[in-house]
Structure formats: C-alpha cells, structure tokens
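These are my notes from going through one model, entry by entry. I wanted to follow its strands, helices, cysteines and empty spaces in turn.

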Amino acid sequence: MRRLLSSLALVLGFCGHASAQPYNFQPVRTLINGIVGTAPGALLPGASLVVIQNGRTIFQESFGDYVGTQPKVSIASASKLLSALVLQRLVESGRMQWTDTVADYFGTDYPGADEEKGRITLGQLFSHTSGISAAPAACLGVDYRNRSLDACALSILGTALSSPPGTFFAYGGNSMQVAGAMAQRASGMSWDQLLRSELTGPLSMTRTDYGTNNKGLPYSNPIIASGARSASKDYANVVKMILQRGRFNGTQYLSAQSIADMQLDQTHGAPFDPEANPYPDSYGYGYGQWRHKVNCSSGVAVEISSSGAFGTSPWVDYRNGVAAVFLAYKQDADPSLQDKVTQVWNTVSSVVGVVPPDCTSAQHSDTGSAGG
C-alpha cells in the first residue's frame with residue numbers, strides 16, 4: 001500500500017504545478033451553451049460548472065435559466081460518492097470496517113436469511129458486487145421515503161440474490177440501501193445525523209441533504225445511492241478535498257490512505273454486463289466512484305467521477321491537478337447527457353493541460369480487466 005501512495009504522490013506531483021498564465025475557458029463555455037437553454041436540441045434548462053486547481057477556483061459560471069443562482073437540485077447517482085465518504089469516515093474512526101458483513105449487523109433477522117447473504121460485506125455492498133439484484137426495490141419508491149431505512153434494507157435482504165457475493169458487478173442502488181442501514185446500526189444515528197456529522201458539517205456544505213418531507217423533516221428512508229440534493233459550491237468542496245488527498249481548509253478530513261483505498265478497484269475484476277454498465281470501458285469501480293483513467297504502470301486511478309443520470313457530474317483529474325463539478329438543473333434521466341458531460345470533462349482537460357494517452361485494458365495491471 002505504501003507503494004500505491006508513493007505512485008499517487010508521483011502522479012499528483014507531476015501535474016500539480018501552478019499555471020503560468022490564465023486559462024482560456026471559452027471552448028468550455030461554447031460547449032455548455034450548446035447543451036443548456038431553451039432552443040431545440042438543448043438537453044438542460046440550466047447548469048453550472050466549478051473548476052478547481054491547486055486549491056483555488058479557476059472557473060465558476062452558471063448557464064441557462066439559473067444564471068446568478070445556486071439552487072439545490074437532485075443529483076441522482078452523484079449521491080454515491082457522498083454516501084461513500086460518510087461510510088469511509090465511519091471506517092477510518094473504527095466504528096465500521098469495509099469487511100463487516102450483513103450477518104454482523106442483521107444476523108438472521110429477516111425473511112430468506114441464509115449463510116450466503118450473511119457473508120456479504122460492506123465493501124461489496126458499496127462496489128455493486130454484493131449479488132443483490134440491481135432492479136430497484138419497491139421500498140426505494142417515493143411513497144416509501146417516510147418509512148424506515150432499516151425496514152427497507154431488511155426487505156431488500158429478503159429477496160433472492162442474483163449472483164453469489166463478489167462474483168459479478170451489477171450497478172444499482174439496492175445494496176447501498178442495506179449499507180446505509182448498517183451504518184445507522186453501527187453508529188446509533190439516523191442517516192441525516194450521520195450526513196451532518198460526517199460530511200456536510202466538516203466540509204462546510206450548507207445546501208446538501210437527502211430530501212425532506214412536506215413538514216420539512218429529513219426522510220426516514222432516504223435513498224442512499226441516488227437521493228441527495230446539493231448545490232455546486234457545496235459539491236465543489238468535496239472534489240477539492242479529494243484532489244488534496246483528504247485535506248480541507250487546513251485539516252485532514254480523511255487520511256490520504258483512505259482516499260487511495262476508496263479509489264482502488266473494489267470490484268477486483270468481477271465480470272459485468274456491458275449493456276447494464278454505465279461506463280463499461282472504466283478500470284473498475286471503487287467505493288462510490290468510477291475509475292476512468294489509471295496510471296499504466298501502477299494501476300493507480302488518475303481520473304475518477306461519480307456521475308448521475310440527471311447530468312450532474314463531479315470528477316477529479318489528478319494528471320492535471322484539477323477537480324470539478326458540473327451541476328445539472330434537471331430532474332429526469334436522459335441517456336444522451338452522459339456523452340455530453342464526458343465532452344465537458346475532455347474540454348476542461350484540453351484547456352488546463354495536456355492529457356497523456358490512456359492505458360489499454362491489456363496494459364492495466366491493477367484489475368486485469370477493462371471495466372467493472
């Protein structure tokens with residue numbers, strides 16, 4: 001692991017130099033203006049982009065209907081990284097371990113309990129390799145938000161596994177709901193309390209939550225994998241912290257080791273269905289994040305993201321020392337957004353630096369697989 005951190009330090013040291021002159025972000029503006037607006041073919045009514053380098057914001061702009069505002073919006077699967085950070089804080093403080101099992105927290109206290117389900121680990125639940133079905137459970141529906149996260153987890157565990165734990169990557173939200181309930185049991189706190197103590201408080205995120213009911217109270221069954229709402233300045237603090245290897249505003253929010261561990265391929269090369277994998281060409285999946293690019297010799301992730309179906313996409317590019325968040329003001333999924341957001345990433349990269357050629361899957365030495 002020391003070699004992993006040394007390799008990461010070399011990557012960050014190589015690309016973390018300060019720019020000698022201001023960057024020209026006009027190509028980025030032009031691209032986003034083609035995505036946002038009311039003209040035919042526009043995919044988003046509004047969006048914002050924040051880009052950070054060397055601890056400072058080098059670009060921040062809003063587009064479309066929301067110019068000059070900072071609305072709190074649903075961020076879909078960009079929630080996964082936020083939830084993973086909450087869990088990593090519990091792990092780093094010793095209140096949980098990624099090797100903790102379902103049986104450690106639930107025993108046989110649910111219908112259909114068996115030894116195979118009991119062996120599912122917290123790490124497998126948060127890397128989509130638990131074997132739990134990816135088809136959304138009924139208790140993830142809007143009508144169940146004011147019910148119990150614990151009850152939702154137990155109902156998910158009561159269903160048949162789609163594969164043995166650890167043998168297949170299936171991207172979905174059910175397993176993370178179980179992980180959230182485990183975190184509640186481990187800490188004795190509600191998910192909202194955990195969110196405030198482990199994420200939004202330490203990272204000065206004043207406009208991030210997992211939804212509230214019509215009385216303004218936090219949902220008692222929040223959707224751990226996709227239910228968060230946030231604003232661009234809030235999420236920018238998250239990617240800034242990750243780029244700085246766990247440091248935020250002069251304090252160590254998470255250790256550099258924890259950040260590195262979260263970015264390893266936690267699928268361990270498990271096979272997957274390319275048609276059901278949003279990023280089949282990735283280099284696996286960490287905890288709550290995709291590994292898009294890796295260092296060819298070490299396998300260390302050098303570009304990660306946690307994109308959502310509504311268009312919101314946080315990403316960190318260690319090669320160019322850049323972190324960014326593209327926040328989309330949209331509340332329904334659009335498959336064509338993924339390619340457009342990837343174009344935004346690539347355009348930002350071309351503005352701030354030269355991106356070396358990516359590895360091929362044959363060169364990848366960390367997982368032995370092109371995806372996860």
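**Entry 1: the strands**

In which sense do strand β7 (residues 290-294) and β8 pair, and over how many bridges? I looked this up first, keeping in mind that the model is a predicted one, and found that the two strands pair in the antiparallel sense over four bridges. Within this pairing I noted V294, whose bridge partner in β8 is A301. The hairpin of β7 and β8 has six residues between the strands, and there I found G299 with a positive phi near 80°.

I then moved on along the chain to see what β8 does on its other pairing. Strand β8 (residues 301-305) pairs with β9 in the antiparallel sense over three bridges. I recorded two contacts of this pairing by name: E303 has D317 of β9 as its bridge partner, and S305 stands opposite W315 in β9. I also checked the cover of β8 and found the strand mostly covered, with five of its five residues buried.

The next step took me to β9 and strand β10 (residues 322-328), which pair in the antiparallel sense over five bridges. W315, which I had already met opposite S305, stands opposite A324 in β10. The hairpin of β9 and β10 has four residues between the strands, and G321 takes a positive phi near 60° in that hairpin.

Is strand β9 (residues 313-317) mostly covered or mostly exposed? I found β9 mostly covered, five of its five residues being buried. When I sorted its side chains by direction, S313, W315 and D317 pointed one way from the strand and P314 and V316 the other way, and all are buried.

**Entry 2: two helices**

I took helix α3 (residues 79-92) next and compared its span with expectation: its 14 residues reach 20 Å from the first C-alpha to the last, close to the 20 Å expected at 1.5 Å a residue. Why do I describe α3 as largely enclosed by the rest of the structure? I do so because 13 of the 14 residues of α3 are buried. After this helix comes G94, and I noted that its phi is positive, near 85°.

For helix α8 (residues 174-187) I made the corresponding check, and the end C-alpha atoms are 21 Å apart, which agrees with the 20 Å that 14 residues should span at 1.5 Å a residue. α8 is mostly covered as well, with 12 of its 14 residues buried. Among the buried residues I listed N174, S175, M176, Q177, V178 and S187.

**Entry 3: the cysteines**

How many disulfides does the count come to? I arrived at one disulfide, and it joins C139 to C152 with an S to S distance of 2.0 Å. The pair links distant parts of the chain, since C139 lies in the loop between α6 (122-125) and α7 (149-157) and C152 lies in helix α7, 13 residues apart. The link of C139 and C152 is right-handed, with 65° about the S-S bond.

I also asked on which side of the 20% cut-off for burial the two cysteines fall. C139 counts as buried because its relative accessibility is 7%, and C152 counts as buried because its value is 2%.

**Entry 4: the empty spaces**

My search of the whole structure for cavities of 30 Å³ or more found two. I looked at the second largest cavity, which holds about 50 Å³ of space. Its lining includes H128, S130, G131, I132 and S133, and also N174 and S175, the last two of which I had already entered among the buried residues of α8. By class, the lining of this cavity divides into three nonpolar residues, eight polar and no charged.

What volume does the largest pocket have? I noted about 560 Å³. Of the 28 residues that line the largest pocket, the closest to its centre are A76, S77, Y171, G308 and A309. Helix α12 (residues 337-352) gives the largest share of this lining, with three residues. I closed the entry with the classes of the pocket lining, which divides into 16 nonpolar residues, 10 polar and two charged.

Terms used
Residues numbered from 1 in each chain as written. Predicted model: local features only at pLDDT ≥ 70, side-chain atom pairs only at ≥ 80, totals over all residues. Heavy atoms only, no water. 1 Å grid on protein atoms, 1.4 Å probe; cavity = no way out; pocket = protein on both sides within 12 Å on 5 of 7 lines; lining within 4 Å. Points joined across faces, edges and corners; volume = space filled by probe spheres on them. Nonpolar A, V, L, I, M, F, W, Y, C, P; charged D, E, K, R; others polar. Disulfide = S-S within 2.5 Å. Buried < 20%, exposed > 50% of the residue type's maximum accessible area, 1.4 Å probe, protein only. Expected span 1.5 Å × (residues − 1). Pairing = 2+ DSSP bridges.
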